Amino acid sequence: MRIGIIGSGEMGSLLASKFVALGHTVSITNSRGPQSMRQLAENIGVQPTTIEEVTKNRDVIVIAIPQKSILDLPRNIFNNLSKDIAIIDTGNYYPNLRDGILSGLDQSGIDSLWVQEMLGVTIVKAFNSILATSIKDVEELRDRNDRIALPVSGDNMGAKKTTFKLVQELGFDYLDIGNIHKSWKQQPGSTIYCKDVNLVTMKKKVEEMGDDWYQMQNIVLSKRSRDEKLMKADYTAYLETLKS
Ligand SMILES: NC(=O)c1ccc[n+]([C@@H]2O[C@H](COP(=O)([O-])OP(=O)(O)OC[C@H]3O[C@@H](n4cnc5c(N)ncnc54)[C@H](OP(=O)(O)O)[C@@H]3O)[C@@H](O)[C@H]2O)c1
C-alpha cells in the first residue's frame, strides 16, 4: 500500500519503519520539512515529503502528531480524498501534560471525535493505545497464541478493514470498538489503554465499560488526569501501573 505519515517523531517513524519492512511504500512529513528527515530516510527507507504532498495518491494516511498540532494542519490537504482512504489517528489528548485545553474537545471529551470534526474527514482511531516500545518488539510476539490486541474505531467500515489488515500484518490482533463516538473506550483513562492485553481480555474489559459515555466520562477523564500527574512525577511508576 502507499502510506503517507504525518509526524516523524517516536510513533510516526516507528510505524514508518515497520510498514517499510512489510513492503509498503511510505512517505513521511513533519513540521520542519523534508530536509530534516534525510537521515531517517536513509536509515529506514522512507520518502521524506512536504505536508502538501503527504496525503496525495495514498491508500492510507497516518496522523502521528500531538493532539494540539491537529489545529496547525492545513485543512486543504484532506480535500477531495477518496472515501476508500484510511485516515488513521494515532493521537491522544493530554491537556495537563502536553496539549493544553483544546476548546470544543472538553465538551464531548472524545479525543478522536474532535479530530474528525476539526479535519472534516472520517478518521479511524488506531495505534493510540499502545506504547511505541511495545510495537518495537511485536515481531517477537507475533507467533504467540495470545497476541496483543489493538482496538480500532471509526465510522467508515472500508477504512477500518484496511486498518485491521495493517494491524494484523504488524503482528497484532484487532478489536472493532465501533464508531468514532465509541472511541473513548480506547483513549487515555480507559481500562484498555496501553495495557497490552490479548483479544479475550480486551473484549471482556470493553464489555465491562458498557456503552454509556455519560456515565463513564468522569471515570475515564479523572483516571487520565491521575495518570498525567503520575507520568509527570514518575514515569517509571506510571509504566508499572500498566502491568496490573
Ligand atoms: N510515543 C508513543 O509511545 C505513543 C503511543 C501511542 C500514541 N501516541 C500518540 O501519537 C502522537 C505522536 O506521538 P509521538 O510520541 O510520536 O510524538 P513526538 O515524538 O513528539 O513526535 C511528534 C511529531 O509530530 C510532528 N508535528 C507536530 N506538528 C506538526 C505539524 N503541524 N505538521 C506536521 N508534523 C507535525 C513533529 O514534527 P517535528 O519533528 O518537525 O517537530 C514530530 O515529528 C501523539 O498524539 C501521542 O499521544 C504516542
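In the predicted model, Asp89 of strand S5 (residues 86–89) stands opposite Lys125 in strand S6 (residues 124–125). These two strands pair in the parallel sense, and two bridges connect S5 with S6. A further parallel pairing links S5 to strand S4 (residues 60–63), here through four bridges. Within the S4–S5 pair, Val60 has Ala86 as its bridge partner. The side chains of S5 are divided between two directions: Ala86 and Ile88 point one way, whereas Ile87 and Asp89 point the other way. Such an arrangement follows the general pattern, in which the side chains of a regular strand alternate between the two faces of the sheet. All four of these S5 residues, Ala86, Ile87, Ile88 and Asp89, are buried.

Strand S5 also takes part in covering helix H5 (residues 111–119). The buried residues of this helix are Asp111, Ser112, Leu113, Trp114, Val115 and Gln116. Their cover includes S5 and S6 as well as helix H4 (105–108). After H5 comes Gly120, which has a positive phi, near 70°.

A second group of pairings involves the strands that lie earlier in the chain. Strand S1 (residues 2–6) runs parallel to strand S2 (residues 25–29), and five bridges join the two. In this pairing, Ile3 is positioned opposite Val26 of S2. Together with helix H1 (residues 10–21), S1 and S2 form a right-handed β-α-β unit. From S2 the chain crosses through helix H2 (residues 38–44) to strand S3 (residues 47–48), and this β-α-β crossover is likewise right-handed. S2 and S3 run parallel and are joined by two bridges, with Ile28 opposite Pro48 of S3. Strand S2 is mostly covered, as four of its five residues are buried.

Ile6, which is found in strand S1, provides a view of the surroundings of that strand. The residue is classed as buried because 25 other C-beta atoms lie within 10 Å, against a threshold of 20 or more. Apart from neighbours within four places in sequence, Ile6 is in contact with Thr29, Ile51, Val54, Val62, Ile63, Ala64 and Ile65. One of these partners, Ile63, is 57 residues away from Ile6 along the chain, yet the C-alpha atoms of the two residues are separated by 4.9 Å.

The ligand is surrounded by 25 residues, of which Gly9, Met11, Asn30, Ser69 and Gly91 come nearest. Helix H1, the helix of the right-handed unit with S1 and S2, gives the most to this shell, contributing three residues. By class, the shell consists of 13 polar, nine nonpolar and three charged residues.

In the UniProt record, an unreviewed entry, residues 2–93 are listed as "domain: Pyrroline-5-carboxylate reductase catalytic N-terminal". The end C-alpha atoms of this span lie 28 Å apart. Helix accounts for 21% of residues 2–93, and strand for 22%.

Technical notes:
Residues are numbered from 1 along each chain as its sequence is written. This is a predicted model: local features need pLDDT of at least 70, side-chain atom pairs count only at pLDDT 80 or more; totals for chains, interfaces and linings use all residues. A residue is buried if 20 or more other C-beta atoms lie within 10 Å of its own, exposed if 12 or fewer, and partly exposed in between; C-beta atoms are placed from the backbone. Two strands pair if DSSP finds at least two bridges between them. A crossover is right-handed if, with the strands pointing away from the viewer, the path from the first strand over the helix to the second runs clockwise. A residue is near a molecule or strand if its C-beta atom, placed from the backbone, lies within 6 Å of it. Ala, Val, Leu, Ile, Met, Phe, Trp, Tyr, Cys and Pro count as nonpolar, Asp, Glu, Lys and Arg as charged, and the others, Gly among them, as polar. UniProt positions are given in the numbering used here, feature names are shortened, and annotations may be inferred rather than shown by experiment. Two residues are in contact if their C-beta atoms, placed from the backbone, lie within 7 Å.
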